[in-house]
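User: I would like to learn how to read the features of a structural model, beginning with charge on the surface. Could you take me through it step by step?

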Amino acid sequence: MLKCTCFFLLFSGYEQWEEDNSMSFATAVGCFATVSASNKVRIGSSTVTVVEGQVGYSFPSDARFKENIQSDVPGLAFIMKLNPVSYHFDHLRYAQHIRENTEGREEQLNELSLSRSAGFLAQEVENTVMETGFTSFQAVHAPTNPQDTYSLGYSEFVVPLVKAVQEQQQMIEDLKKMVEEQQKQMEQQQQMMENQQQMIKALQAKL
């Protein structure tokens, strides 16, 4: 059932619906799927548990089109402020918020809500982005209208995680170098003590 007359909207599947005709370039694919914001693609409804493909999703990443490149990605300073948590996600309330047709699906949505998940809270990540000034971090989608919701692109966390690992590795290398230098000093001191003991023995032998 299609209730939207807006241009540039694509709905594919059974029972997609959308009453807001102010959106553009929005796509909803799948049974009961709805889309809540412009320039957004929604695959499946709130009862979908797997989105699968033979290969991983790819982002455009051609250096020919990247400008003003800077090595300014924070690592540990950003990662250490994140707050991993576990939680129950209320699938029914979420489906109702984004205006999915939940009639006859309440039990299924409530059953899904019993499963515990792990992740981050999008609002907390948004605050961390602002605190650290890491504004190029695009993992957080903030609502653009009352029906829209926060969401996170977890793949985006790979970049600061890589930076954090690099920073930790540098710390390890620096500590390793410090330990090696201290070990060298200890060996030199040990050698000096042995030399002094030999000199003392030589003097004692002459007495």
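Analyst: Let us start with a patch of negative charge on the surface, where Glu173, Asp174, Glu180 and Glu181 gather. Please keep in mind throughout that this is a predicted model.

User: Where is Asp174 found, and is Asp174 buried, partly exposed or exposed?

Analyst: Asp174 is found in helix 5, which covers residues 158-206. Its relative accessible area is 43%, so Asp174 is partly exposed, given that the partly exposed class lies between the 20% and 50% limits.

User: Which residues make the nonpolar surface patch?

Analyst: Val29, Val41, Ile43, Val48 and Val51 make a nonpolar surface patch of about 430 Å². Val29 has its place in strand 2, residues 26-29, and because its relative accessibility is 32%, Val29 counts as partly exposed.

User: How should I think about pairs of opposite charge, and how many salt bridges does the structure hold?

Analyst: The general idea is that side chains of opposite charge can pair when their charged atoms come close. The structure holds five salt bridges. One of them is formed by the side chains of Lys40 and Asp148, which meet at 2.8 Å, N to O. Lys40 lies in the loop between strand 2 and strand 3 (41-43), whereas Asp148 lies in the loop between strand 6 and strand 7, so this pair ties together parts that are 108 residues apart in sequence.

User: Are Lys40 and Asp148 buried or exposed?

Analyst: Lys40 counts as buried because its relative accessibility is 18%, which is under the 20% limit for that class. Asp148 also counts as buried, with a relative accessibility of 3%.

User: What surrounds Thr149, and which residues does Thr149 touch?

Analyst: Thr149 is found in the loop between strand 6 (140-141) and strand 7 (151-152), and at 11% relative accessibility Thr149 counts as buried. If residues up to four places away in sequence are not counted, Thr149 touches Lys40, Tyr94, His97, Ile98, His141 and Pro143. Lys40 therefore appears twice in our reading, as a residue that Thr149 touches and as the salt-bridge partner of Asp148.

User: Which other salt bridges can I look at, and how far apart are the N and O atoms of Arg105 and Glu100?

Analyst: In the pair formed by Arg105 and Glu100, the closest N and O atoms are 3.1 Å apart, and both Arg105 and Glu100 are buried. Salt bridges that share partners join Arg42, Glu100 and Arg105 into one network. Another salt bridge is the one in which the side chains of Asp90 and Arg93 meet, at 3.4 Å, N to O. Here Asp90 is partly exposed, with a relative accessible area of 32%, while Arg93 counts as exposed because its relative accessibility is 59%.

User: Finally, how do I read the chain as a whole, and in what order do its elements run?

Analyst: The chain has five helices and seven strands, and from the N terminus on the elements run β-β-β-α-β-α-α-β-α-β-β-α. Of its 207 residues, 28% count as buried. The chain exposes about 15300 Å², and carbon and sulfur atoms supply 55% of that area. Among contacts with a separation of 6 or more, 50% are accounted for by residues 24 or more positions apart.

Note on methods: Residues are numbered from 1 along each chain as its sequence is written. This is a predicted model: local features need pLDDT of at least 70, side-chain atom pairs count only at pLDDT 80 or more; totals for chains, interfaces and linings use all residues. Side-chain values use heavy atoms; hydrogens and water are left out. Helices (H or I, at least four residues) and strands (E, at least two) are DSSP runs, numbered from the N terminus. Buried means under 20% relative accessible area, exposed over 50%, partly exposed in between (1.4 Å probe, protein chains only). Contact means heavy atoms within 4.5 Å. Accessible areas come from the Shrake-Rupley method with a 1.4 Å probe; for residues, only the protein chains shown count as cover. Patches are made of residues with over 30% relative accessible area and no salt bridge: like charges are joined within 9 Å, nonpolar side chains (Val, Leu, Ile, Met, Phe, Trp, Tyr) within 5 Å. A salt bridge is a side-chain nitrogen of Lys or Arg within 4 Å of a carboxyl oxygen of Asp or Glu. Lys and Arg count as positive and Asp and Glu as negative; His and the chain ends are not counted. The place of a charge is taken as NZ of Lys, CZ of Arg, CG of Asp or CD of Glu.
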